[in-house]
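Reader: I would like to take a close look at a single part of this structure, and to see how it fits with what surrounds it. Could you take me through the salt bridges slowly, beginning with one residue?

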Amino acid sequence: MCFSVEHQFGLHRLGRFSLRGRSMDTPGCLCYTRGGVAPHLTPDNLSTINNLPQVAHIPLPNVFKAAESIELLHDSGDTSMDLSSFTSSDFSSFISCQDLGNPAPSGFNLSHSVAIWPSCGKQLIDPGWYMSTLGRLRPAGFDSLSDGGTRESDKRKRAGKSVARTLSFLDACLSIKSHNADLENSVIFGVIEGGFYLEERKTSAEETAERPVDGFTIDALGYNYSDTTTCNDDSNAVTPTFRLELLEAVTERLPTHKPRLIYGFGRPDNVIDCFLTGVDLFDSSYPYIITSQARALVFSNTEIDSSAPEIDLSDPQYAQDFTPLLPNCRCLCCYKHVTKAYLHHLVTSKELLASVYLFAHNLQHYFEFFSRLRIAALNPESLNKMKSCISQQYLLYLSETK
């Protein structure tokens, strides 16, 4: 792995992230997959998308059964098969413990094991099983095992346990990795937990930074984990501002020469806020999530617009709307002159083609957003304009949908 900071502007920076021969500019996002394959899209469909990230994000629950198959082959003497046998050679692979596109129930982790939720139901895994499985899969990179999934309503005691357990898991993973030849060329990201408590987050960041990890993953802080605003044991209301205060406290304690990845902040206005606090990499499960809700990204990157940044294609108002999602979009959907009316028909008829068109569009627009963010970040005035533009669109949109 190689990570270089090319431009530093206070806390935020522009850089270059390389993983097993595949490179991407930062800020950027991993390419979310289901079992190593982009959901809804064929390889030909995926190849039409511009600015496609070269690092595939592969949640472990989605390759759980494949890992079992590979284990049987290895036991029979065939050690040639690994994760690359199931994924495109155009990507390097990064494995996470949980699936951000399908958040798991919380409260099932134990002191020595973590619950994951593959299609066959809940499975408890410990560091030994986890690292052994990764050794067979041989990914380019992976998160250390972590006790995540903390919620806003969790007590400080639970947050403290998540930090202690995650550090214990990290030490075990690092120890096993050092003796596993199959993982010699794989990078490990230390996971930072601590719930919504400032001192716990600081402790987790400082302790993780002392370990010989290759990068950092900031977990259980984003909006994928909750949708309410409550108060924690310290009587701090968990507002968007407080989340960013926690995030800034974490990034300030991390070394600048290693990449920072965050989960759960996928909405474009949230991405910009996280980038400004020093985050380099994001997951791209957000386009998948809104596609499953029949919504399309239509926000403007440059102009303050009173129209909604996302539209719901199941809404009857689009039944007679014969305009494209975005006039100048070059995605598979808009390029073929697919109209909102036709998409509404596909959605309401529950046609599989609806997800194909919507996901292709959402991915294209999302990756284009990151490309424009990197350009805007070179000029403070342009960055402030882009932040203001997107924030105001979502502020108005969220106030109308409450």
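Author: In this predicted model, Arg165 has a relative accessible area of 18%, and it counts as buried because that value falls under 20%. The side chain of Arg165 meets that of Asp147 in a salt bridge, with a distance of 3.3 Å from N to O. This pair links distant parts of the chain, for Asp147 sits in the loop between β10 (141-143) and α4 (156-177), whereas Arg165 belongs to helix α4, and 18 residues separate them. Asp147 is likewise buried, since its relative accessibility is 0%. The two are also part of something wider, as Asp147, Arg158 and Arg165 are linked in a network of salt bridges.

The structure as a whole holds 17 salt bridges, and two others may be set beside this one. In one of them, Arg34 is joined to Asp99, and the closest N and O atoms are 2.5 Å apart. Here too the pair links distant parts of the chain, 65 residues apart, with Arg34 in the loop between β5 (31-32) and α1 (43-47) and Asp99 in the loop between β7 (92-96) and β8 (114-116). The surroundings of each partner can be read from the accessibility: Arg34, at 30%, counts as partly exposed, while Asp99, at 6%, counts as buried.

The other example lies within a single helix, where the side chains of Lys202 and Glu199 form a salt bridge with an N to O distance of 3.6 Å. Both residues lie in helix α5 (residues 198-210) and are three residues apart, which is about one turn of the helix. Glu199 counts as partly exposed, because its relative accessibility is 41%.

To place these charged pairs in the wider model, it helps to turn to the nonpolar side chains. The largest nonpolar core has 98 residues, and those that touch the most other members are Ile95, Tyr130, Phe282, Leu313, Leu325 and Phe369. Helix α11 (residues 352-376) gives the largest share of this core, with 13 residues. Apart from this core lies another, made of 14 residues, including Phe3, Leu30, Val55 and Leu281. If we leave out residues up to four places away in sequence, the contacts of Ile95 include Ile58, Leu60, Leu83, Tyr130 and Phe142.

For a contrast with the buried Arg165, one may look at Gln320, which counts as exposed because its relative accessibility is 63%. Gln320 is found in the loop between β16 (310-312) and α9 (332-335).

How values were computed: Residues numbered from 1 in each chain as written. Predicted model: local features only at pLDDT ≥ 70, side-chain atom pairs only at ≥ 80, totals over all residues. Heavy atoms only, no water. Helix = DSSP H or I, 4+ residues; strand = E, 2+ residues; numbered from the N terminus. Buried < 20%, exposed > 50% of the residue type's maximum accessible area, 1.4 Å probe, protein only. Core = buried A, V, L, I, M, F, W, Y, C linked by side-chain atoms within 4.5 Å. Contact = heavy atoms within 4.5 Å. Salt bridge = Lys/Arg side-chain N within 4 Å of Asp/Glu carboxyl O.
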